[in-house]
Amino acid sequence: MFLLDVLAIPKDDPIAFTFFTGYMAMMAASVFFFFERGSVDEKWKISLLVSGLITGIAAVHYFYMRDYYMATGENPTALRYIDWTLTVPLMCVEFYLLTKAAGAKMSLLWKLILASVLMLVAGYIGEAFNPDGGSTSHSVMWGVISTIGYIYILYTAWFGEVAQLASNSGNPVVERGVRTLAWFVLVGWAIYPIGYMCMPGGWLNIGLGWESSNVDLFYNIADAINKIGFGLVVYNIAITSTATAKAQ
Ligand SMILES: *C/C=C(C)/C=C/C=C(C)/C=C/C1=C(C)CCCC1(C)C
């Protein structure tokens with residue numbers, strides 16, 4: 001039964017397909033980031049470790065989420081939010097580590113983590129406690145509260161402390177890298193609220209007349225872009241800075 005399900009993945013079920021490929025991609029990315037720690041300067045090793053932890057934590061959750069989805073056909077909402085509760089704060093740690101040399105304080109990290117917690121707790125209530133059949137008012141209310149946390153992170157990355165520290169760092173590699181990460185937060189992270197609106201009762205679900213939920217399709221694609229992409233940007237900053245330092 002399970003084997004047949006797995007064999008049927010590519011042709012019948014795009015959501016299952018993305019759970020399967022998401023799992024493999026996250027695992028491969030972790031191996032890459034862990035091994036590449038050996039190619040960068042000492043001070044960048046911790047950033048690559050965090051990149052590998054983000055994709056590694058996601059890989060383990062994808063392993064379980066895929067099985068949960070295959071067995072029940074339902075969204076693995078709790079596993080999804082446990083994953084994000086661990087990985088989004090680690091992405092905040094990446095911002096902190098990149099701007100630390102320019103003077104970032106622990107308070108910056110805590111503010112970003114607090115905003116992530118608001119964003120994720122509200123999102124979880126919006127999804128997990130959405131009444132059967134889907135309530136539009138419930139999902140909109142908690143979606144709006146969640147968006148406050150998201151906008152705070154977005155603002156900090158583009159105009160607030162993170163952006164200011166990066167531009168004061170005097171390191172063009174860090175400045176450009178942090179700007180690229182800010183683009184990920186603006187464009188890549190925006191896929192999540194779009195996915196959220198695909199749940200029963202959500203605006204897109206109603207607007208497009210979908211019978212079922214396509215939430216996981218959006219979340220899986222967004223996770224691959226954001227977790228692996230974010231890690232690759234950090235890797236690029238580390239490897240470029242290492243090469244520049246060696247040339248001097
Ligand atoms: C690796 C996981 C990441 C980067 C997850 C990011 C998640 C978000 C940016 C979620 C945002 C949401 C809103 C802005 C409103 C609706 C509820 C959420 C939680 C889907």
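Colleague: Are α4 and α11 roughly parallel or roughly perpendicular to each other?
Modeller: In this predicted model, helix α4 spans residues 77–100 and helix α11 residues 215–247 (DSSP runs of H or I, at least four residues, numbered from the N terminus). Their axes lie 12 Å apart, at an angle of about 25 degrees (lines fitted to C-alpha atoms over the stretch in contact; angles run 0 to 180 degrees between N-to-C directions). Under 35 degrees counts as roughly parallel, so α4 and α11 are roughly parallel.

Colleague: Before we go on, what should I know about the numbering and the pLDDT limits?
Modeller: Residues count from 1 along each chain as its sequence is written, and side-chain values use heavy atoms, without hydrogens or water. As the model is predicted, totals for chains, interfaces and linings use all residues, whereas side-chain atom pairs need pLDDT 80 or more and local features at least 70.

Colleague: Which residues of α11 does α4 meet?
Modeller: On the α4 side, R80, Y81, D83, W84, T87, M91, E94, F95 and L98 make the contact (heavy atoms within 4.5 Å). Their partners in α11 are D216, Y219, N220, D223, N226, K227, F230, V234 and I237.

Colleague: And α2, at what angle does it pack on α11?
Modeller: Helix α2 covers residues 14–36, and its axis is 9 Å from that of α11. The pair is roughly parallel, at an angle of about 15 degrees.

Colleague: Which residues of α2 meet α11?
Modeller: On the α11 side the list includes D216, L217, N220, I221, D223, A224 and K227, and further along G231, Y235 and I239. From α2 come P14, I15, T18, F19, A25, M26, A29, F32, F33 and E36.

Colleague: How many cavities of 30 Å³ or more are there?
Modeller: The largest cavity holds about 30 Å³ of space. Its lining is N75, P76, T77, R80, Y81, E127, V215, D216 and Y219, with at least two residues each from α4 and α11. For cavities of 30 Å³ or more, the count is one.

How values were computed: Angles under 35 degrees count as roughly parallel, over 145 as roughly antiparallel, 65 to 115 as roughly perpendicular and the rest as oblique. On a 1 Å grid over the protein atoms alone, a cavity is a set of points where a 1.4 Å probe fits but cannot get out, and a pocket is an open set with protein on both sides within 12 Å along at least five of seven lines; lining residues have an atom within 4 Å of a point. Grid points are joined across faces, edges and corners, and a volume is the space filled by probe spheres set on the points.
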